Amino acid sequence: MQTAASQRDRLPVGISLTVLLAAQDLGPRLSAQVAAEAVGVGLTETGRLRADSYSLSSELSEDFDAQMKAARAVVIIAPRLDEQTLLGSLPFEIATRARQSGVPAYAITRENELSAFDARILDLQLVIQARSARSLTQAGVRLAEVI
């Protein structure tokens, strides 16, 4: 006999378990790779989700859209989110592509200066502030609860 919790934890066949982590460096001690790994640890803690990291450099690769569309959600990890720095930036481009593709987008940032209106325009489901590896892992745990 299955409990309500075990039924809820099971995802329908065909639903992706992978969350795409699109990360930028968050500072000198938090490279994109370290930030994505920390978030990934929190996301995968329940065993229900898998994390796939994508390091953001100067532009998106040709296969980014395919990776994003195959994922359950995309998590943008960026040092700062505000109206001025977003315009024309990779986080803005990813949020736009996710919205246009119907892929839920979330964000983790050191500094969040987005208004609720700006976050809604970008269709970000949730924006979490995190400044250390430990808080990035906690952010991953929180995201695992809502993704």
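## A first look at this chain

Asp82 is buried, with a relative accessible area of just 6%. That value, like the others here, comes from a predicted model. Asp82 doesn't sit there without a partner: its side chain meets that of Arg80 in a salt bridge, at 2.5 Å from N to O. Below is a quick tour, going from the whole chain to the strands, and then on to the salt bridges and a couple of residues in the helices.

**The whole chain**

- If you count up the secondary structure, you get 7 helices and 5 strands.
- Walking along the sequence, you meet them in the order α-β-α-β-α-β-α-α-β-α-β-α.
- The chain has 147 residues, and 41% of them count as buried.
- Take the contacts between residues at least 6 apart in sequence: 71% of these join residues at least 24 apart.
- The accessible surface adds up to about 8,200 Å², and carbon and sulfur atoms account for 49% of it.

**Strand S1 and its neighbours**

- Why is strand S1 described as largely enclosed by the rest of the structure? Strand S1 covers residues 18-23, and 5 of its 6 residues are buried, so the rest of the structure largely encloses it.
- One of its partners is strand S2 (residues 50-55), which runs parallel to S1 and is joined to it by 6 bridges.
- Want a spot to look at in that pairing? Leu21 stands opposite Ser53 in S2.
- To get from S1 to S2, the chain passes through helix H2 (residues 32-43), making a β-α-β crossover that is right-handed.
- S1 also pairs with S3, again in the parallel sense, over 5 bridges.
- Two residue pairs help you find this second pairing: Val19 has Ala73 in S3 as its bridge partner, and Ala23 stands opposite Ile77 in S3.

**Strand S3 and strand S4**

- S3 is mostly covered, with 7 of its 9 residues buried.
- Besides pairing with S1, S3 runs parallel to S4, and 7 bridges join the two.
- In that pairing, Val74 stands opposite Ala105 in S4.
- As a general aid when looking at strands: in a regular one, the side chains alternate between the two faces of the sheet.

**Salt bridges around Arg80**

- How many salt bridges does the structure hold? There are 5, and Arg80 is a good place to start looking at them.
- Arg80 is partly exposed, at a relative accessible area of 34%, whereas its partner Asp82 is buried.
- Arg80 also forms a salt bridge with Glu111, where the closest N and O atoms are 2.5 Å apart.
- This second pair links distant parts of the chain: Arg80 belongs to strand S3 (residues 73-81) and Glu111 to strand S4 (residues 105-112), with their positions 31 residues apart in the sequence.
- Glu111 counts as partly exposed, with a relative accessibility of 32%.

**Salt bridges in and around helix H5**

- Glu93 and Arg97 form another salt bridge, with 2.7 Å between the closest N and O atoms.
- Where do the two residues sit? Both are in helix H5 (residues 90-101), and because they are 4 residues apart there, about one helical turn separates them.
- Glu93 is partly exposed at 31% relative accessibility, and Arg97 is partly exposed too, at 23%.
- The pair belongs to a bigger picture: Asp65, Glu93 and Arg97 are linked in a network of salt bridges.

**Two buried residues in helices**

- Leu90 is also in helix H5. Is Leu90 buried or exposed? At 13% relative accessibility, Leu90 counts as buried.
- Leu90 and Ile76 are 14 residues apart along the chain, and their C-alpha atoms are separated by 9.3 Å.
- Ser135 is found in helix H7, which spans residues 133-146.
- With a relative accessible area of 19%, Ser135 comes in under the 20% cut-off, so Ser135 counts as buried.
- What does the side chain of Ser135 reach? One target is the backbone nitrogen of Arg131, at 2.9 Å.
- The side chain of Ser135 reaches the backbone nitrogen of Ser132 as well, again at 2.9 Å.

How values were computed
Residues numbered from 1 in each chain as written. Predicted model: local features only at pLDDT ≥ 70, side-chain atom pairs only at ≥ 80, totals over all residues. Heavy atoms only, no water. Buried < 20%, exposed > 50% of the residue type's maximum accessible area, 1.4 Å probe, protein only. Contact = heavy atoms within 4.5 Å. Areas by Shrake-Rupley, 256 points an atom, 1.4 Å probe, with all protein chains shown as cover. Salt bridge = Lys/Arg side-chain N within 4 Å of Asp/Glu carboxyl O. Polar contact = N/O pair within 3.5 Å; in protein donor to acceptor, adjacent residues only side chain to side chain. Pairing = 2+ DSSP bridges. Right-handed = clockwise from strand over helix to strand, strands pointing away.
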